[in-house]
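Me: I'd like to learn how to read a model like this one. Can you take me through it feature by feature?

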Amino acid sequence: MDFKAIYDHLRAVDAPGLIEADEPRLPDKETKDKGRSGMPFVRIEPASFVDFLLVCRDDPKLTFELLVDLTASDPAADDENLWVLVQLLSVKHKHRLAVKAYLPKSSASIPSATAVYRAAQWHERECGEMYGITFVGHPDPRNILLPDDWVGYPMRKDYEFPKEYHGVSCE
Amino acid sequence: MALLEEAFEENVLTTKVDWLLNWARLNSIWPMTFGLACCAIEMMAVGAAHHDIDRFGAGAFRATPRQADLMIVAGTVNFKMGERVKRLYDQMSSPKYVIAMGACATGGGPYYKYGYTVMKGVDRIIPVDVYIAGCPPRPEALLEGLMKLQDKIRRTPVIRKPAFTA
């Protein structure tokens, strides 16, 4: 199925938390729309993250068996949201889907996808330490790259570099 | 020397203790098996047949710091790794030497400005004897660095205190 058919099917089965489809578009001078490149994605409510993924995995017409990627993004310093982005792949039907959820920076929290895709464990740990996102229900939410006592979330746009770490200067 | 040379039987050599100990040391600098990033690939090339670090007696890469004389810091050191590097250095027995190989180990390299967890040079935690420039350095450069270290050992007095400290 192409993206349009997948989206229509998600609407037809009333997938929980589905908000809208966002497709790449050309810039429009009259409405001052800057346009968007990239691939189409569906936007969902963060609270229904796990239920939505369950539908994607278990629906016989979708069967997304594979979580290709789970990552996050901080779009801009003045933006109030962080993004959590998920790439799904169905080996059986040979189609893909990109899923996106907006989390407010002040309380970035989302249910953990590990209950549906166990492959999400390390991805969520990395998102957690780099962006400060809490994945509720993660079985092992330790840091994976940074030291355990690291202060701050390096991939956030407003991150301030440390002056020293354990007595070693960073300048 | 000339007075002593006729004084013993054949097959007896006379020399200075400093010279003998330094000769033994500088021709058996055993490095530790220890690579952190892309510089380690060049270090492996130095160990292989084409460049052959064994010509200098430094080809016995030891898998434990207790048996090693030389730590070649080949790659990017971040803060989390830096504490392990320091512990490994502390576990090596004296005399011990450190080569900072490449731009990262020397001063942070390409991560100097925006590498939030990269240590800006391994000399902030352990003393470095020889710095090698390059990103990564050619295998010949590592051999040159090893020869510089041998020169340094050759100049070191072993059984008497140095007349001056630089």
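**Reading the two chains**

Reply: Let's start with the order of elements: along its sequence, chain B reads α-α-α-β-α-β-α-β-α. That comes to six helices and three strands, where helices (H or I, at least four residues) and strands (E, at least two) are DSSP runs, numbered from the N terminus. One caution: this is a predicted model, where local features need pLDDT of at least 70, side-chain atom pairs count only at pLDDT 80 or more, and totals for chains, interfaces and linings use all residues. Residues are numbered from 1 along each chain as its sequence is written, while chains are lettered from A and ligands numbered from 1 in the order in which they are written.

Me: What size of box do the C-alpha atoms of chain B fill?

Reply: Roughly 70 × 40 × 25 Å, taken along the principal axes. Of its 166 residues, 34% count as buried, meaning that 20 or more other C-beta atoms, placed from the backbone, lie within 10 Å of the residue's own.

Me: Over to chain A. In what order do the five strands of the sheet come?

Reply: Generally, strands of a sheet pair through backbone hydrogen bonds, either parallel or antiparallel. Here the open sheet in chain A has the order 1-2-5-4-3, with mixed pairing; two strands count as paired if DSSP finds at least two bridges between them. Strand 1 (18–22) and strand 3 (66–73) of chain A are at the edges with a single partner strand each, so one side of each has no neighbour in the sheet. From one strand to the next, the twist averages 25°, with axes as lines fitted to C-alpha atoms and angles from 0 to 180 degrees between N-to-C directions.

Me: Which strands of chain A run parallel, and which run antiparallel?

Reply: Strand 2 (residues 41–44) and strand 5 (residues 95–104) of chain A run parallel, joined by three bridges; Val42(A) has Val99(A) as its bridge partner. Strand 3 and strand 4 (residues 81–90) of chain A are antiparallel, with seven bridges, and Leu70(A) is partnered by Val86(A). Strands 4 and 5 of chain A are also antiparallel, with 10 bridges. They form a hairpin with four residues between them, and Lys94(A) in the turn has a positive phi of about 55°.

Me: How many residues does each chain bring to the contact?

Reply: Chain A gives nine residues and chain B eight, two residues being in contact if their C-beta atoms, placed from the backbone, lie within 7 Å.

Key: A residue is buried if 20 or more other C-beta atoms lie within 10 Å of its own, exposed if 12 or fewer, and partly exposed in between; C-beta atoms are placed from the backbone.
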